[in-house]
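Please open your viewer and keep the sequence panel beside it, since this tour moves from one selection to the next. At each stop you will be told what to select and what can be found there.

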Amino acid sequence: MTSPDRSMGEIFDTALQNGIRNILTVCGAVLFFSVVSRLLLDIIPIGGVSRALSAGLLEFVTGTVKISGLSIPTAQKLIYTSIIVGFAGISVHAQVMAVIAKYRLSLIPYIIGKALHGLLAGLYMFIYLYFNPITSAVFEPSISRSFASVSAFEAVTAAAVIIMCIVCAIGLFIREHKRDTDF
């Protein structure tokens, strides 16, 4: 829908500029914190899990890659990765700060919530692995076929959710269009 003040071309141009700006913000934050992580970890004499967790606290993709390369049991890798992904890294927090800066909202509750999220994610993974330990059978072909059927079920569920979202969006568009034409 266009307003009398702006044409469809102007709206499209603004949307493109905003999208490109957001992409540059995200990519810039990832790149910046990856470099900072690398520099800090080269200066600070830590190694192993501490180094990977520190990298993950700064930029979570870098941290998860470092965790995956460690020579520790898979269960520990899953727990540490859950903590890192739950917290999301300072890089993501900086991106959130850039987006909400114009609203003058405090990031303190958000960061505390994300820290708790990371700790709870690690705890949940620990509890899950306690009751469902990882065995070598997970990686056998006969077992992976049953996993594929579960994954197919999840894919169908995800497709159904996406279709429902599209239907809801179309319904909202039609309702808004009717409301606009009534005036």
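In which loop is alanine 88 found? Select alanine 88, and you will find that this residue sits in the loop between α4 and α5 (89–100). Before going further, please keep in mind that this is a predicted model, in which local features need pLDDT of at least 70 and side-chain atom pairs count only at pLDDT 80 or more, while totals for chains, interfaces and linings use all residues. Residues are numbered from 1 along each chain as its sequence is written, and side-chain values use heavy atoms, with hydrogens and water left out.

**The whole chain**

Colour the chain by secondary structure, and seven helices and zero strands should appear; here helices (H or I, at least four residues) and strands (E, at least two) are DSSP runs, numbered from the N terminus. Read from the N terminus on, the order of elements is α-α-α-α-α-α-α. Of the 183 residues in the chain, 18% count as buried, where buried means under 20% relative accessible area, exposed means over 50%, and partly exposed lies in between (1.4 Å probe, protein chains only). Among the contacts in the chain with a separation of 6 or more, 57% come from residues 24 or more positions apart, a contact being heavy atoms within 4.5 Å.

**Two loop residues with positive phi**

Return to alanine 88, whose phi is near 85°, a positive value in a residue other than glycine. Alanine 88 has a relative accessible area of 8% and is therefore buried. Next select arginine 104, which is placed in the loop between α5 and α6. The phi of arginine 104 is also positive, near 55°, again in a residue other than glycine. Is arginine 104 buried or exposed? Its relative accessible area is 77%, so arginine 104 is exposed.

**A stop in the first helix**

Now select serine 37, which has its place in helix α1 (residues 8–43). Serine 37 is buried, because its relative accessible area is 1%. If you leave out residues up to four places away in sequence, serine 37 touches Ala55, Leu58 and Thr62.

**Helices α2 and α4**

Two packed helices are described by the angle between their axes and the distance between the axes. Select α2 (residues 48–58) and α4 (residues 74–87), whose axes come within 9 Å and cross at roughly 20°. Axes are lines fitted to C-alpha atoms, for helices over the stretch in contact, and angles run from 0 to 180 degrees between N-to-C directions. The helices α2 and α4 are therefore roughly parallel to each other, given that angles under 35 degrees count as roughly parallel, over 145 as roughly antiparallel, 65 to 115 as roughly perpendicular and the rest as oblique. Show the side chains next, and you will see Val49, Ala52, Leu53, Gly56 and Leu57 in α2 meeting Tyr80, Ile84 and Phe87 in α4. By class, this contact of α2 with α4 has seven nonpolar, one polar and no charged residues; Ala, Val, Leu, Ile, Met, Phe, Trp, Tyr, Cys and Pro count as nonpolar, Asp, Glu, Lys and Arg as charged, and the others, Gly among them, as polar.

**Helices α4 and α6**

Keep α4 selected and add α6 (residues 108–131); these two pack at an angle of about 160°, with their axes 7 Å apart. The helices α4 and α6 are therefore roughly antiparallel to each other. On the α4 side the contact includes Ala75, Leu78 and Ile79, while on the α6 side Ile111, Lys114 and Ala115 are among the residues that take part. By class, the contact of α4 with α6 has 11 nonpolar, five polar and one charged residues.

**Along helix α6**

Select leucine 116, which lies in helix α6 and is partly exposed, with a relative accessible area of 48%. Leucine 116 and phenylalanine 87 are 29 residues apart in sequence, and their C-alpha atoms are 7.6 Å apart in space. Further along, tyrosine 128 also has its place in helix α6. Measure in your viewer from the C-alpha of tyrosine 128 to that of isoleucine 79, and the distance is 9.9 Å, although the two are 49 residues apart in sequence.
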